[in-house]
Amino acid sequence: MSARGFAAGAAALLLASTSAHAAVEVQWWHAMRTELGRQLQKLAADFNASQAEYRIVPVYKGQYTETLSAAIVALRTRQHPAILQVAEVATATMMAAKGAVYPVFELMRDQGERFDPSAYLPAVTSYYTDLDGNILSLPFNASTPILYYNKDQLRAAGFDAETPPKTYPELEAMGYRLRAAGVRCGFTGHWPSWVHIENFSALHNLPLATMANGFGGLDTELAINNAAVVRHVDKLAEWQKTKVFDYGGRATAADPKFVNGECTIFLGSSAQRAELLAGAKFEVGYGMLPYWPDVAGAPQNSIIGGATLWVLKGRPPAEYKGVAEFFAFLSRPAVQAWWHQNTGYLPITRAAYELTRTRGFYARNPGADIAIEQLSLKPATDNSRGLRLGSFVLVRDVIEDELEQAIAGRKSAQAALDAAVARGNDLLRQFEKANR
């Protein structure tokens, strides 16, 4: 090779090397591990492969509370990420951190990325908008509780396996018959406050708290000691004695009771669908959450759980253009449809839902669209839009403390819920004082 040819080749190699290392790195701290973590990594890898200017770097930081705590510490030393995955129960906490948060609607506008709020499913985005309808964080992994059931056990007890219970009186009657047929437990469920207080209230169009469940201001107070919720918790305690219902613990501790065939019916997250199917040795059926038919307006609609992606201020300007492009990528119908179909989480846009439907996914996977139907039963009200309560991770712990007291028979349902309201309001007042 001539000297001139070598020099030209070296220059080209140097230019390619420089270009390869010119991508702006954007850190994304998240709380997903195992299979969900691998799917999240694929999203980042697909975006990185689609362009050369930015590189999304996912970093697992532990559970939601650990991830948020790590970000708070990192903010003090300006070593924080641009993107942070935050659980829905911490929405009020993130909104209160105004100096640290870059609202998504502002980010997309500032970076010139097309961002149409009407393209997103209202049942998902309403949880994460301000009173003017502006989207503050990008919905990412959203789910809602539904009813799962063991078709084999229903058939064996003489029921129509294609007809799950729609109401709590139907579920109660079915539970007694299942117990008489030798089933160890009629129904169970996980995340007790999320299912039996938060979603119960929304589905029955009852206020969880004053001030539009906290959307209207920090001076909100819990309202869960109303007659309908007291009646429901009292019935849970009654059913616990006969194993029509069997309490399985907090978070996802109850999941094995359904998977191993101990309980016929399970009230749990729509995002558990793939995991439950993988573990169950029986045919799984699906239905909407049951409701009490004598409560006016029920069923209304359920509310979501999960997490969104918040953008933190204080990063170099170049990173924010990358964040905006990544969020636009995540919102593409094909990307959202893939995420929805492979994880069980809800699609966040109407287009992703329609794409999934028209390609026959719901026809091939019965029950996969029940969560969307349940979220959209009726237009959301102030009681069923969601909740925005400060320190709600702690408030939820208090609620579950008191639920356990009632279900175990150590307190009456009324006394337990009165105590939950009093203890929870103390936490809300502390949050209000700290964020005035």
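1. In this note, two residues are in contact when heavy atoms of theirs lie within 4.5 Å. The model discussed here is predicted. Leaving aside residues up to four places away in sequence, Thr129 touches Asn134, Ile135, Leu136, Phe215, Arg385 and Arg388.

2. Thr129 lies in the loop that runs between α6 (122-125) and β4 (138-143). Its relative accessible area is 7%, and because buried means under 20%, Thr129 counts as buried. One of the residues it touches, Arg385, is also joined to it by a polar contact of 3.2 Å between the two side chains.

3. The aromatic residues deserve separate attention. The count of aromatic pairs comes to 23. In the pair formed by Phe187 and Phe245, the ring centres are 5.0 Å apart and the planes stand at 45°, so the pair is tilted. A tilted pair is one whose angle is neither under 30 degrees nor over 60.

4. The pair of Phe187 and Phe245 links distant parts of the chain, 58 residues apart. Phe187 belongs to strand β6 (residues 185-189), whereas Phe245 is in the loop between α11 (227-242) and α12 (255-259). Phe187 is buried, with a relative accessible area of 0%, and Phe245 is buried as well, at 2%.

5. One aromatic cluster is formed by Trp28, Phe47, Phe140, Phe326, Phe327, Phe329, Trp339 and Tyr345.

6. Charged groups also sit over aromatic rings. The charged end of Lys42 is placed over the ring of Trp338, 4.8 Å from the ring centre. The charged end of Lys61 is placed over the ring of Trp29, 4.2 Å from the centre of that ring.

Terms used:
Residues numbered from 1 in each chain as written. Predicted model: local features only at pLDDT ≥ 70, side-chain atom pairs only at ≥ 80, totals over all residues. Heavy atoms only, no water. Helix = DSSP H or I, 4+ residues; strand = E, 2+ residues; numbered from the N terminus. Buried < 20%, exposed > 50% of the residue type's maximum accessible area, 1.4 Å probe, protein only. Polar contact = N/O pair within 3.5 Å; in protein donor to acceptor, adjacent residues only side chain to side chain. Phe/Tyr/Trp six-rings, centres within 6.5 Å; stacked < 30°, edge-to-face > 60°. Lys NZ or Arg CZ within 6 Å of the ring centre and 35° of its normal.
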